[in-house]
Amino acid sequence: MSIVFLVLASATLHPIWNLLVKKNADPQLGFLLLMAVAAACSLIHGLIAGVDFSTVFTVLPVVALSVCGQLIYGTCLTATLTRGDLSTYYPIIRASPVFVVAASILLFGKSYSLLTLFGISLVVAGSFLLLYRRGSHYLDDPVTLLYALLALCGTGIYSLADAHVMQHIAPQVLAFTVDSAVLPFFLILWLRKRSITRLQSDATFSFSPIYVLLPGVLCYLSYYLILVAYQLGGDVAVVTSLRQASIPISVALGGMFLREGAMTRRFVAASLLALGIVVISVYR
């Protein structure tokens, strides 16, 4: 199966579950249930496929790094979805190839061409255009922007770790281990939030299968397809670049279902950001 097809299929599914989490009254609870369902899906899939779950112990340090990335990503994603528009901040969160390139320069001393630097400038320009609102300043909500950037870093961390781990264990093993490891953290986070203030979502959170089961199933499928792409030898920068096909989809979904405004400008800005990420990956 083509690596490109796998990644593009994953990119199509990813913003859909983000939308379902965003639309519910309590995104943090929605994400907690999503992780639980995703863990169950990976366990069932692994048992049916007959994979050896004990192989995770052979690459435990790198798996721990993936878990850390997922914790950063999940925590900051739910904070971003609670505070900001999906179509504005989702493209920034998905700009993980920028993190991959930056990590290579700062940590491994790698150099890049002028075209790569041009791609980075396109990403920055697209990000700021997404944040622009008439009559407001770019940094009117720096806290939400910070959450989105941290979620971006979390994605980059677990992407680098996952690409390495997939050369040694089955996708179902990694998915189950990561999802199971982060569940207690998100449960404690949600319970702590409830202890501080009584959420309005107590009366409005939907426990419909569409909001409880579907996001988790879609999340697992999206993650599984990416892991298979890594297993088949997909380069982490190329894979994360192809995943940016999800950006215009997220912008369209934000406008169609969440009534987020200025969609023409946001779609152009998101496309500019995606173009920059493609340039980075091609000419890195």
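The following dialogue examines how terms such as buried, oblique and antiparallel are applied to this predicted model.

Student: What makes up the secondary structure of the protein?

Tutor: The protein has 13 helices and zero strands. Read along the sequence, its pattern is accordingly α-α-α-α-α-α-α-α-α-α-α-α-α. Of its 284 residues, 49% count as buried.

Student: Why is Gln-70 called buried?

Tutor: Gln-70 is found in helix 3, residues 60–83. Its relative accessibility is 10%, and a residue is buried when that value is under 20%. Gln-70 therefore counts as buried. Leaving aside neighbours within four places in sequence, Gln-70 is in contact with Tyr-158, Val-178, Val-182, Phe-186 and Tyr-223.

Student: Val-178 appears among those contacts. How do you know whether Val-178 is buried or exposed?

Tutor: Val-178 has a relative accessible area of 0%. The cut-off for buried is under 20%, so Val-178 is buried. This residue has its place in helix 8, residues 171–196. Apart from neighbours within four places in sequence, its contacts are Ser-66, Val-67, Gln-70 and Tyr-223. The C-alpha atoms of Val-178 and Leu-65 are separated by 9.9 Å, although the two residues are 113 residues apart along the chain.

Student: Why does Tyr-147 count as partly exposed?

Tutor: The relative accessibility of Tyr-147 is 30%. Buried requires a value under 20% and exposed a value over 50%, with partly exposed in between. Because 30% falls in between, Tyr-147 counts as partly exposed. Tyr-147 lies in helix 7, residues 142–165. Not counting residues up to four places away in sequence, Tyr-147 touches Cys-76, Ala-79, Thr-80 and Arg-83. The C-alpha atoms of Tyr-147 and Leu-81 are separated by 9.6 Å, and these residues are 66 residues apart along the chain.

Student: What makes helix 3 and helix 7 roughly antiparallel to each other?

Tutor: Two packed helices are described by the angle between their axes and the distance between the axes. Helix 3 and helix 7 pack at an angle of about 155 degrees, with their axes 7 Å apart. An angle over 145 degrees counts as roughly antiparallel, and helix 3 and helix 7 are therefore roughly antiparallel. Their crossing is left-handed. By class, the contact of helix 3 with helix 7 has 17 nonpolar, eight polar and two charged residues.

Student: Why is helix 2 called oblique to helix 3?

Tutor: The axes of helix 2, residues 27–49, and helix 3 come within 9 Å and cross at roughly 140 degrees. Roughly antiparallel requires an angle over 145 degrees, and roughly perpendicular covers 65 to 115 degrees. An angle of roughly 140 degrees belongs to neither class, nor is it under 35 degrees as roughly parallel requires, so helix 2 is oblique to helix 3. Helix 2 passes helix 3 in a right-handed crossing.

Student: Which residues make the contact of helix 2 with helix 3?

Tutor: Helix 2 contributes Pro-27, Gln-28 and Phe-31, while helix 3 contributes Gly-74, Leu-77, Thr-78 and Thr-82. These residues divide into three nonpolar, four polar and no charged.

Student: How many of the contacts in the whole protein join residues 24 or more positions apart?

Tutor: Such pairs account for 88% of the contacts with a separation of 6 or more.

Student: What is the accessible surface of the protein, and what share belongs to carbon and sulfur atoms?

Tutor: The accessible surface comes to about 12,700 Å², and 71% of it belongs to carbon and sulfur atoms.

Terms used: Residues numbered from 1 in each chain as written. Predicted model: local features only at pLDDT ≥ 70, side-chain atom pairs only at ≥ 80, totals over all residues. Heavy atoms only, no water. Helix = DSSP H or I, 4+ residues; strand = E, 2+ residues; numbered from the N terminus. Buried < 20%, exposed > 50% of the residue type's maximum accessible area, 1.4 Å probe, protein only. Contact = heavy atoms within 4.5 Å. Areas by Shrake-Rupley, 256 points an atom, 1.4 Å probe, with all protein chains shown as cover. Axes fitted to C-alpha atoms, helices over the stretch in contact; angles between N-to-C directions. Left-handed = near helix turned anticlockwise from the far one by under 90°. Nonpolar A, V, L, I, M, F, W, Y, C, P; charged D, E, K, R; others polar.
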